[in-house]
Amino acid sequence: MKQILIVVTCLLGLQLSLWAQHRPTLLNEPLDLSGDFRDYTNTYFLADSLAAFDPATGQGQLKWRRNEYYPAHAFNNTQAGLRRVRGNEFPGIEYAVDPVLPFSVEFVSPRAVRIRANTGQAAPAGEPSLMLVKEPNKDNSWQYSKISNGHQYKSAFGTVIITQNPWTIEFRDASGKLLTKTWHQSNSRSFTPILPFSFVRRAGDYSRSVSAAFALSPDEKIYGCGESFTSLNKYGQKVNLFTTDPNGVENAGMYKPIPFFMSSRGYGMFMHTSSPVTCDFGATYGAVTNLMIGDENLDLFVFLGEPKDILDEYTNLTGKASMPPLWSFGLWMSRITYFSEADGRNVANLLRKNGIPSDVIHFDTGWFGTDWRCDYQFAKDRFPDPQKMISDLKAQGFRTCLWQLPYFVPKNDLFPEIIAKGLHVKNPKGGVPYEDAVLDFTNPNAVQWYQDKIGNLLKLGVSVIKVDFGEAAPLNGIYANGRSGFYEHNLYPLRYNKTVADITKQITGDHIIWARSTWAGSQRYPLHWGGDAECSDMGMEAQLRGGLSLGLSGFTFWSHDAGGFTTRTPEELYRRWAPFSLFSSHSRCHGQAPKEPWEFSESFLNHFRNATETRYRLMPYIYAQAKASSEKGLPMLRALFVEFPQDPGSWLIENEYLLGSDMLVAPLFETGSTQRNVYLPQGKWIDYQTGKVYNGGWHVIDGGNLSLVVMIRDGAVIPHAELAQSTDQIDWSKITLQAYTSTGAAKGKVCLPAENVLQEVNVTLKNGKGTLLKDPYAGKIKWMIK
């Protein structure tokens, strides 16, 4: 009996173990496609050779060799291996064992190449890609030449070489250095099984996915993939590009995955798809990147150049951020949540009474009848006259922001109307996939219905809408455009962002939202914030990594909740986090109450005031850098290597950043810290607070009165304005040009909001006296030069 019990127990343990391995994923848990590429039941087709190619058009055909995984065993060690296999279809004469399928190379600019490959019959495009600004033009600057066993194309910035057998595409820079190349099975020199460039056909449903495999080089580093909170360098990581609510910023989930990355070798890649993607950047095998793309056909853009070149090219395709209004660069004051008109007026009055410059009052989840139950109506008992409140706040220099979301709970008064009119995403049975109704932004009627609701608020005088959530579009949903959630889940945030930004622009003239979720192209609709950060030192540091990573994915503007979101912020943490927020492109206090600085000690209130006043004095610098960044697709919150790609140390730093081109910022991340180790790129740097000059390299630097290290690049002019309590009150006719120079010459940028044209200013300093070499505004501005 005891033996039987032991056997039953072992069998039960085995069943539980198998269940643990194959359990269903949680609702909206990120999809990991890598398992499909290590499944013995699936069929694998490896890119083998060019069957045909027309060099004039770049059109050709690629032969794929059929393979299977099998258990390879040697000396008590079993691992999966690939081997050739015969066709399993009947009748065999009807189906190719080794299919020959369309493949093309297109040149869209002197730095950008488009690679497309089909894995089967391609369905006709239903609508223009929402990710692209437009279908890219053909660039004719690439010069073709025939080479042995292949074809070569060359531009001023690099070379593309296509070999016929084995099929390989090499990307080289202008000097001929190999940047990367496709990985063919014949490239392997390892005992480890390596998945080459291939596609998989699943046995379960015959759907297909591509694994675009590329070679990695020694010391290569990978950056991007959206707002990723893990280590900035993605080499050695497996990254799932699937929009989700990670419920924090200290895990691998992403509100803002972007199918784009760049390499320290001098290239970048954009996977033009909305399907789930799993990127294996040398995690499984150190010499190979595997881009496992759920789409059945590959559409891949490759960019050549340094980081600035790559970001410019990528955002030429997917769009550059429009310039947000001046007031958005002021401080946004919020908590979760202000429940009444009295709350909003009180906060506005106390901001002015305490001399805290600010431009936005945000009402979060509690401005309608029932907290969180969004019906787009102000609660009448708590907001007796919302239009007058909004007007009065604006007279004080405050814009009004309102929270909402596109999910409707069953008790919401709007729920029956949404169901009756079919405005929600359906499940395969025609019902509601979740208990909530999720608005379907592929349905023009739903878009119109929703924009009418948002439009009524904007017509009341509301300036901006918080575009919260958006990460949970049903993966198993059927959408009004006929597509499934497999393609619409990731695209949902982009549709959502666009819908709100468009109606806001139409009614207010300002192209602005405050959004949490994104996909490629969402950068066109600024701006986005970093989600629900933990109120901790690690949460603060992870938040910065996410912002830097998003900036390396084509987003110019980004903000976050000062102090973190999840719990009451400890005063000491808030003291270090608030200046980090104030030295970001946009700044908002938000999260669990309290967030207002007067709710803490008088010492903290004074500290917060000083940091906020510094931001408002720096508004001419911030605004000009924002304009310059938006024109080139560059992030305002900038990883050091974007400005200093030739400085090896700059590629290693993930806890500092440049605000614009000339100001280096290093937050204090550790509890109780007043100073920190700071890496300065090559050249001289000048402490913004003390004027002390440092050479490039590592230094221990004090955070000073700001509780933040701020360094200015030698030779930079930082324009300042006189202090104002809101951006409406800034006097742009009086600007101080503060020159930071060891040589006597300095230059900077100025952009007047009324004109929105970027101008350069050049200054010389001699014997303590500053001179403006040429006035770009011809006397319209009274300059003070220091």
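In the predicted model, Val239 has Cys279 of strand β17 as its bridge partner. This pair belongs to the antiparallel contact between strand β14 (residues 238-241) and β17, which extends over four bridges. β17 also pairs in the antiparallel sense with strand β18 (residues 288-293), here over five bridges, and within that pairing Val277 stands opposite Ile293 of β18. The two strands β17 and β18 form a hairpin with six residues between them. In the turn of this hairpin, Gly282 has a positive phi of about 70°.

Strand β17 (residues 277-281) is largely enclosed by the rest of the structure, because five of its five residues are buried. The side chains of a regular strand alternate between the two faces of the sheet. In β17, Val277, Cys279 and Phe281 point one way, whereas Thr278 and Asp280 point the other way, and all are buried.

The cysteines were examined for disulfides, and the count comes to zero. Cys279 does not form such a bond because the closest cysteine sulfur, that of Cys225, is 4.7 Å away, which is too far; the cut-off is 2.5 Å. Cys279 counts as buried because its relative accessibility is 0%. Cys589 is likewise in no disulfide, and the nearest cysteine sulfur, in Cys535, is 12 Å away. With a relative accessible area of 2%, Cys589 is buried.

Parallel pairing occurs around strand β25 (residues 464-467). Strand β22 (residues 399-404) runs parallel to β25 and is joined to it by four bridges, with Ile465 in β25 as the bridge partner of Leu402. β25 is also joined to strand β26 (residues 514-515), again in the parallel sense, by two bridges. In this second pairing, Lys466 stands opposite Trp514 of β26. Val464 and Lys466 point one way from β25, and Ile465 and Val467 point the other way; all are buried.

An antiparallel hairpin is formed by β9 and β10. Strand β9 (residues 168-173) is joined to strand β10 (residues 178-181) by three bridges, and Lys181 in β10 is the bridge partner of Glu170. Four residues lie between the strands of this hairpin, in which Gly176 takes a positive phi near 100°.

The largest pocket has a volume of about 1000 Å³. Its lining comprises 34 residues, and Ala123, Ala125, Gly126, Asp295 and Arg483 lie nearest the centre. By residue class, the lining divides into 12 nonpolar, 11 polar and 11 charged residues. Strands β5 (112-118) and β19 (297-304) and helix α7 (485-508) each supply at least two residues of this lining.

Further along the chain, an open sheet of six strands has the order β31-β32-β33-β36-β34-β35, with antiparallel pairing. Its edge strands are β31 (637-638) and β35 (693-702), each of which pairs on one side only. Within the sheet, strand β33 (residues 663-667) pairs with strand β36 (residues 708-713) in the antiparallel sense over five bridges. Leu664 stands opposite Met711 of β36.

Two residues in this region illustrate contrasting environments. Ser661 is placed in the loop between β32 (657-659) and β33. It counts as buried because its relative accessibility is 9%, under the 20% cut-off. Leaving aside residues up to four places away in sequence, Ser661 touches Tyr621, Gln625, Arg638, Glu643, Arg713 and Lys749.

Trp698, in contrast, is exposed, with a relative accessible area of 54%, and lies in strand β35, one of the edge strands. With residues up to four places away in sequence again left out, Trp698 touches Ile653, Glu656, Asn677, Val678 and Tyr679. The C-alpha atom of Trp698 is separated by 27 Å from that of Ser217, and the two residues are 481 residues apart along the chain.

How values were computed
Residues numbered from 1 in each chain as written. Predicted model: local features only at pLDDT ≥ 70, side-chain atom pairs only at ≥ 80, totals over all residues. Heavy atoms only, no water. Pairing = 2+ DSSP bridges. Buried < 20%, exposed > 50% of the residue type's maximum accessible area, 1.4 Å probe, protein only. Contact = heavy atoms within 4.5 Å. 1 Å grid on protein atoms, 1.4 Å probe; cavity = no way out; pocket = protein on both sides within 12 Å on 5 of 7 lines; lining within 4 Å. Points joined across faces, edges and corners; volume = space filled by probe spheres on them. Nonpolar A, V, L, I, M, F, W, Y, C, P; charged D, E, K, R; others polar.
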